[in-house]
Amino acid sequence: MEGNFNLQPDNFPTIFSITEDEIDLNELLAKITLTSTGAAAIFTGMVRGETVRGEAHQTDYLEYEAYIPMAEAKMKQVADEIRAAWPVIEGIAIVQRIGKLFPKTPTVLIACTAAHRDTGVFEAARFGIDRLKEIVPIWKKEVSPDGQFWVEGDYFPKPGE
Amino acid sequence: MNMNHVKLLFFATIRERAGTKALEMDVPDDLTIHELKEKLSADHPNLKESMKSVLITINREYAFDEAVIPQNAEIGMFPPVSGG
């Protein structure tokens, strides 16, 4: 059944990785751009050195760790969920950098490509980063002039997630 | 009683409180996740507080209190995630 009902051509690329290396946007974008692609929505998050919203504070650096094999499997799951909700999405790249990362450094990238910009491609990328922050096992410790503390999320996955 | 050899992996705050990244142990064959948490709380007082809001995985999938731990399981224990 699945083999006969394949909305997604086999050549739709999906990239997911945990890395200690710099995130290379151009390289990733090239890998998820097909001849039929006309739009990419890219979200990238970086280390914020000065936080104003909420409790204002400074950040010296963030130290990330991951449960790497599970994190990569859950990134694949996020990509599968994106494709189920937005079958028009062509390429997906989900990359998290780990290790000690300083302000202004990109830490995460989610990019989705599609034929056109009005296909849900923005929403797909937004869903991707929100979902990563719920179910992909990655953590960060914040080191600031006032000390250091682990940042903890508030999402408790349910059975099947 | 038959025993099951399992590997525990700790991350973030729980790794720091445990003082180690990994622990191998023998547990009774039909032990549930809930019972494992109680055992760890008793054996490692440092972890008692962490066990209240810990996320647990069995073989890299999220698992819940009533789950029976399968043979040679890889069990992850960590706080709610904070990637991005």
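A residue counts as exposed if 12 or fewer other C-beta atoms lie within 10 Å of its own, and as buried if 20 or more do. By that rule B:N72, which has 10 other C-beta atoms within 10 Å, is exposed. The model described here is a predicted one, and the report turns from this residue to other loop positions, then to the helices and to the contact of the chains.

**Loop residues**

B:N72 lies in the loop between β4 and β5 (74–78) of chain B, and although it is not a glycine, it has a positive phi of about 55°. A:K104, likewise not a glycine, has a positive phi of about 80°, and its place is in the loop between β7 (99–101) and β8 of chain A. With 9 C-beta neighbours inside 10 Å, A:K104 counts as exposed, because the cut-off for that class is 12 or fewer. A further loop residue, A:R117, is found between β8 and α3 of chain A. A:R117 has 12 other C-beta atoms within 10 Å and is therefore exposed, and its C-alpha atom is separated by 40 Å from that of A:F149, which is 32 residues away along the chain.

| Residue | Loop | C-beta atoms within 10 Å |
|---|---|---|
| A:K104 | between β7 and β8 of chain A | 9 |
| A:R117 | between β8 and α3 of chain A | 12 |
| B:N72 | between β4 and β5 of chain B | 10 |

**Helices α2 and α3 of chain A**

Helix α3 of chain A comprises the 15 residues 121–135, which at 1.5 Å a residue should span 21 Å, and its end C-alpha atoms are indeed 21 Å apart. Its buried residues are A:V121, A:A124, A:A125, A:G128, A:R131, A:L132 and A:I135. Seen down the axis of α3(A), these buried residues fall within an arc of 130°, so they line one face of the helix. An α-helix has 3.6 residues a turn, so residues three or four places apart point the same way. The cover over the buried residues of α3(A) includes β2 (39–46), α2 (68–85), β6 (92–97) and β8 (106–114) of chain A.

Helix α2 of chain A has 18 residues and reaches 26 Å from its first C-alpha to its last, close to the 26 Å expected at 1.5 Å a residue. Its buried residues are A:M70, A:A71, A:K74, A:M75, A:V78, A:A79 and A:I82.

How do α2(A) and α3(A) pack, and at what angle? Their axes lie 10 Å apart at an angle of about 145°, and the crossing is right-handed. From α2(A) the contact takes A:K74, A:V78, A:E81, A:I82 and A:A85, and from α3(A) it takes A:A124, A:F127, A:G128, A:R131, A:L132 and A:I135. These contact residues divide into 7 nonpolar, 1 polar and 3 charged.

**Helix α2 of chain B**

In helix α2 of chain B (residues 33–43), B:I33, B:L36 and B:L40 are buried. They cover an arc of only 55° around the axis, which puts them on the same side of α2(B). What covers the buried residues of α2(B) includes the strands β2 (22–28), β3 (55–58) and β4 (61–63) of chain B.

**Contact between the chains**

Chain A brings 27 residues into contact with 17 residues of chain B. On the side of chain A that touches chain B, α2, β8, α3, β9 (138–144) and β10 (147–151) each supply at least two residues, and the residues of this side divide into 17 nonpolar, 4 polar and 6 charged.

Technical notes: Residues numbered from 1 in each chain as written. Chains lettered and ligands numbered in written order. Predicted model: local features only at pLDDT ≥ 70, side-chain atom pairs only at ≥ 80, totals over all residues. Helix = DSSP H or I, 4+ residues; strand = E, 2+ residues; numbered from the N terminus. Expected span 1.5 Å × (residues − 1). Arc of directions from axis to C-beta. Contact = placed C-beta atoms within 7 Å. Axes fitted to C-alpha atoms, helices over the stretch in contact; angles between N-to-C directions. Left-handed = near helix turned anticlockwise from the far one by under 90°. Nonpolar A, V, L, I, M, F, W, Y, C, P; charged D, E, K, R; others polar.
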